[in-house]
Amino acid sequence: MSFGTTVPNASPYADEGPYGTPAAKQEKAGLTRRGKVALVVAGVAVVGGGTIWFQVHSAAVAKETKEAAALQVQIKELELEEMRLKNEAAAVDRKAATASAERVQAAIDRCVEDSSELADKSYGAPSTSAIVADCKQQYDGTGGTDMKAAGGAQDATGEGAGEGINSPELLGLVAGVGLVLALFARKGRKADA
């Protein structure tokens, strides 16, 4: 029920044309033009960003590889320097041991020559072998420490059991140099970033 002026109900058949109800207009499936442009821009950004990241990452890896190779070269140089120092010390020790052994042998020879006039001259006189043994005993005490030093020098050359580095000062020097190189490499890496 309606009172007054109201719009009458529209006929359900009002939109019909002479040929019946027009077909509904179908929207095309897919993205709009703006969506396609946004998708292309996002794809280009992802591909470009990935390419740039890969290049930066490859450069960083190459730089770290070069630094590692340089550190290996420096470590080898330090090892060679250490071996040179050990060889020089061993050569000095060998020369000292040889000189000491020559001095001891010369002293034993003098002692035997000086005491040889008493040998086998009279009854109860010492024999030549007893004189040589007495002279060796007399001078062997002074050369004993030198002989121990010579034995230590032979072990330091690597002919012994191969116990490793015998000098804690040299080991400390190598460790200190390695630490300083590591710190500089880290500071350089932070500065590059």
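Leaving aside neighbours within four places in sequence, which residues is Cys135 in contact with? In this predicted model, the partners of Cys135 are Ile108, Cys111 and Val112.

These contacts belong to a wider cluster. The largest nonpolar core has six residues. Cys135 is one of them, alongside Val104, Ile108, Cys111, Val112 and Ile131. Two elements, α1 and α2 (128–156), each give two or more residues to this core. Helix α1 supplies four residues, the largest share. Nonpolar side chains tend to be buried together in soluble globular proteins.

Val104 illustrates the core from the side of α1. This residue lies in helix α1, which covers residues 33–115. Its relative accessible area is 16%. Val104 therefore counts as buried, because the cut-off is under 20%. The C-alpha atom of Val104 is separated by 7.3 Å from that of Asp140. Along the chain, Val104 and Asp140 are 36 residues apart.

The chain as a whole gives the setting. It contains three helices and zero strands. Read along the sequence, the pattern is α-α-α. Of the 193 residues, 8% count as buried. The chain exposes about 16000 Å². Carbon and sulfur atoms supply 61% of that area. Among contacts with a separation of 6 or more, 63% join residues 24 or more positions apart.

Note on methods
Residues are numbered from 1 along each chain as its sequence is written. This is a predicted model: local features need pLDDT of at least 70, side-chain atom pairs count only at pLDDT 80 or more; totals for chains, interfaces and linings use all residues. Side-chain values use heavy atoms; hydrogens and water are left out. Buried means under 20% relative accessible area, exposed over 50%, partly exposed in between (1.4 Å probe, protein chains only). A nonpolar core is a set of buried Ala, Val, Leu, Ile, Met, Phe, Trp, Tyr and Cys residues joined through side-chain atoms within 4.5 Å. Contact means heavy atoms within 4.5 Å. Accessible areas come from the Shrake-Rupley method with a 1.4 Å probe; for residues, only the protein chains shown count as cover.
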